[in-house]
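Trainee: Please take one charged side chain and look at it closely. Then follow the charges outward from there, and tell me how each one sits against the surface.

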Amino acid sequence: MSFIDVNHLSKTFKVAKRNSGLKAALKSFVNRKYVSIDAVKDVSFKINKGEIVGYIGPNGAGKSTTIKMLCGILKPDSGSISINHMSPFEERKKFVKDIGVVFGQRSQLWWDIPAEDTFDLLKVIYKIDDKEYLETKNKLVEMLDIKDVIKMPVRQLSLGQRMRCEIAASLLHKPSILFLDEPTIGLDAVSKEKVRNFIIEINKKYKTTVILTSHDMNDIEALANRIILIGRGSKLFDGTLNDLKAKFGNCRKVTIITNDTLKKFNKKGVCKRTKTDIGYEFIIDINLISISSFVNYVGEYVDISDIDIDSDNIDNLIIKLYQEYNI
Amino acid sequence: MRLYFNLFKNKLITNISYRMSAIAGILTQFFFGFVFISVYVAFFESGNSDLDLHKIVSYIWLNQAFYGLTYIMLKDNDFVSMIKNGNIAYELCKPINFFKKWFSTFYGIRVANVLLKFLPIICIAMLLPYPYKLEAPVSIMGFALFVVSLIISSFLVTGIAYIFHILIFFTLDDRGIINIFQVLGEIFSGGSIPLYLFPGFLQTIAYALPFRYISDLPYNLYTGYFSINEGISLITCSIIWLVVIVIIGNILTKLALNKSVIQGG
Amino acid sequence: MDLYFKALGMHIKTSCEYKLSSIINFIAQFFVMFSDYFIIIALFSKFGNIKGFTLYEILLCYSIIQLGYSINDVFFKGLDDFSDIIINGMFDRLLVRPRSLLIQILASKVSLVRTSRIIQCIGIMIYSIINLDLELNLIKVIVLLLMIIGSVVIFFSILLLMSGLSFFTVQGLEIKSLFTYGGKQIAQYPIAIFKKYIVLFFTFVIPYGLVNYYPYLYFLGRNDNVFYAFAPLGTLIFLGISLVVFKLSSNKYVSTGS
């Protein structure tokens, strides 16, 4: 049995429907309609100890529902989860001792006092003994370079400093699995780099299994050797980044700078078109249309003042993927 | 004017739409009505008093029915957080009358608070048995004056609430001092008990303050505690107070604008 | 409990970060609560007595109820504001920690500025007892303590029940004020002065009567029945029921999801 073993996982929610306007508001006051939404449909995967897995998908795809079920917060409607021989929901209190969770947009640090105080509280929460706590804390503080930062009230910290404290807080009890939900959201390039390096380091050092969701594809590229893609509740792709590139790596982003307006056109191989301030951006599939013929084609309609071709970018890949699966 | 009416309407719509909330609100008002009346019934059963229980009971039901409209302590959290995070500086500089804007918004919230609740409360309270019954108004004229003074009251309380809110801009404390003012306003408005139940000297103070026109005047016009003639002169006073409150509100807004310009936000 | 006291220390530290604002609020809270006493005093100035109870007897009765309420307001504020935890999603955070939900909820918020209310209640309690000219003995002091504990237990249980409700809906929580604030209004006066159905409701459903009537008669020396004296212990049954309801609703919430 694998370290993490997920079988045929499903979850459905009931959501109240509501329209806008005074009339609709009064109407829903009397009679309310509900809609069922399949947040997660028949998802299965296995993860080995020490893997870093990127769990990706567009908003509303069922990412956070899956993560919640993996953390033991939500009970699956059907299917099973086994993590380290435990069922997260059924044995929640025992299970959560062994996981660390970072919700990128929801802090667990106390706002008005130094992060170190929150650390001390977590020591009590997880019943960590003094010696072990000090050891772990010092090591994390050193690795994340937050020695002085944890002595300042959290509200005075920069976003990057805060996120590093956040990550330290979730690792004080030495969990064997770390869930990271958007860990680099809103951070500047330097902070992102620090966070990524740290994640790689603890993964190497402690064999910590990391499950990561992010919209920043650079995170995924830097960290995850394996990607699970989910869309509309179903698993769409599971494999290494290289597999993904081999399968869909034929996309290029072509930026065309022009003052003219381009009419809508349908051409095979053009996956996506975006209007920008200075021209247009296209994602094209070079197996279906070569760059030169594409540029020639566009050049017939507009006067191209500059052109930029960006290859092998994982963002392009994902766009292509989303389009492939129509999500 | 159209703009401000739309602001009012938007607030009304967004605040009205919670079914559970309205039902819970009606239940709560009823419960409190019963509690207060039970206390008075017990007091009246304990000894002689020259007071009229019916008038007090009717007063309590009206107060419960229109509580959301005349409640002084109602706080708008959007406004408070706007002051706390400093965004108010941008708002003050916009080419739209700040006072009118927030007056319309507050008014929308208040109307939304009572719109779904007051009729059920009044209708049911009228059907209750003695001594819990809400009596019919004593005269048509008294009822008309009640309606007029309630409308003035709703503007007056909105204006006063606006002043409490804009004062937070100067004190930067949304609880402490403001809370004390609000509690005093609540007591002196007659929102807890009719002012004629106050001990002597406090009654004199209460009658001199503008708060009395918020709850005490309209409900006592309905019950006939105030005569028609008294009512007309008191309503005139309340209009004067309304003008004064609006002027103070505008002056404070201007001061706030100056302060934010000097501080640069 | 270690967790709660650790968190309490952190709450104190937080308050110290905003010294001036904390002090102003501390004073303001004193005034806010005083309005209820004012109303009682005003009504007594017109009516003289309520079913044979005098002003100081009512003030003492209310200060006991108010003290129970205030202690909850200060130390168990997290439970009072539990719906916020549900709304802002912090509940997920509590679930990924290996400790009991209730302790974590209690630890989440403490309102130290409201300790001025506790001081006020104790002040009024002592002032009323002095004016009442009572013969105090050990048993009566114990009964008074039991009444205070019972009062704390009742409000704590109501907050628990309401938190249980917030698992199902966070709308319409105004109804909470019906039981806490409204209950407090009615319990200002010994329950038995009211009509029969009110007495029954507030003895057997929400047991205010077990705190502010039966033992109170004993305390005032109007009744010698020992059962009356120890009636506040009955509130523990209410607490037990509330704990079960809270537990069941939290289980239900977790399994169905938000």
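Mentor: Start with A:Lys151. This lysine counts as exposed, because its relative accessibility is 52% and the class takes in values over 50%. Keep in mind that the model is predicted.

What does A:Lys151 meet? Its side chain forms a salt bridge with that of A:Glu116, at 3.1 Å from N to O. The two partners come from distant parts of the chain, 35 residues apart. A:Glu116 belongs to helix H4 of chain A. A:Lys151 lies in the loop between H5 and helix H6 (159–171) of chain A. Now look at the glutamate end. A:Glu116 is buried, because its relative accessibility is 18% and the class holds values under 20%. The bridge between A:Glu116 and A:Lys151 thus has a buried acid and an exposed base. In general, side chains of opposite charge can pair when their charged atoms come close.

Next, take A:Lys123. Its salt bridge is with A:Asp130, and the closest N and O atoms are 2.8 Å apart. Which end is buried here, and which is exposed? A:Lys123 is the buried end, at 19% relative accessibility. A:Asp130 is the exposed end, at 51%. Both values fall beside a cut-off: buried means under 20%, exposed over 50%. Read those two labels with that in mind.

Then there is A:Lys127. This lysine sits in the loop between helix H4 (115–125) and helix H5 (130–144) of chain A. A:Lys127 is exposed, with a relative accessible area of 61%. It also contributes to a positive surface patch. The other members are A:Lys93, A:Lys97 and C:Lys247. So the patch draws on chains A and C, and a patch residue must have no salt bridge. That is a contrast with A:Lys123, which is bridged to A:Asp130.

Move along chain A to another pair. A:Lys235 and A:Asp238 join their side chains in a salt bridge, 3.3 Å from N to O. What is the exposure of each end? A:Lys235 is partly exposed, with a relative accessible area of 32%. A:Asp238 is partly exposed as well, at 30%.

A:Arg232 is worth a stop too. The loop between strand S8 (226–231) and strand S9 (234–240) of chain A holds this arginine. Its phi is near 45°, a positive value in a residue other than glycine. A:Arg232 is exposed, with a relative accessible area of 57%. Most residues other than glycine have a negative phi, and most peptide bonds are trans.

Chain C offers a second such case. C:Asp133 has a positive phi of about 60°, although it is not a glycine. Its place is the loop between helix H8 (115–132) and helix H9 (138–166) of chain C. C:Asp133 counts as exposed, at 69% relative accessibility.

Chain B has a backbone feature of another kind. A cis peptide bond joins B:Tyr130 to B:Pro131, with omega about 0°. B:Pro131 lies in the loop between helix H8 (118–127) and helix H9 (140–171) of chain B.

Back to charges, in chain C. Here the salt bridges link up into a network. Its acids are C:Asp73, C:Asp80 and C:Asp81. Its bases are C:Lys77, C:Lys109, C:Arg114 and C:Arg117.

Now set the close view in its frame. The whole structure has 34 salt bridges over all chains. How many disulfides does the structure hold? The count is 0 over all chains. As for cysteines, B:Cys93 is exposed, with a relative accessible area of 53%. B:Cys237 is partly exposed, at 32%.

Chain A itself has 11 helices and 13 strands. Its C-alpha trace spans about 75 × 55 × 50 Å along the principal axes. Of its 327 residues, 52% count as buried. A:Glu116, at 18%, is one buried residue, while A:Lys151, at 52% relative accessibility, is exposed.

Key. Residues are numbered from 1 along each chain as its sequence is written. Chains are lettered from A and ligands numbered from 1 in the order in which they are written. This is a predicted model: local features need pLDDT of at least 70, side-chain atom pairs count only at pLDDT 80 or more; totals for chains, interfaces and linings use all residues. Side-chain values use heavy atoms; hydrogens and water are left out. Patches are made of residues with over 30% relative accessible area and no salt bridge: like charges are joined within 9 Å, nonpolar side chains (Val, Leu, Ile, Met, Phe, Trp, Tyr) within 5 Å. Accessible areas come from the Shrake-Rupley method with a 1.4 Å probe; for residues, only the protein chains shown count as cover. A salt bridge is a side-chain nitrogen of Lys or Arg within 4 Å of a carboxyl oxygen of Asp or Glu. Lys and Arg count as positive and Asp and Glu as negative; His and the chain ends are not counted. The place of a charge is taken as NZ of Lys, CZ of Arg, CG of Asp or CD of Glu. Helices (H or I, at least four residues) and strands (E, at least two) are DSSP runs, numbered from the N terminus. Buried means under 20% relative accessible area, exposed over 50%, partly exposed in between (1.4 Å probe, protein chains only). A disulfide is a pair of cysteine sulfur atoms within 2.5 Å.
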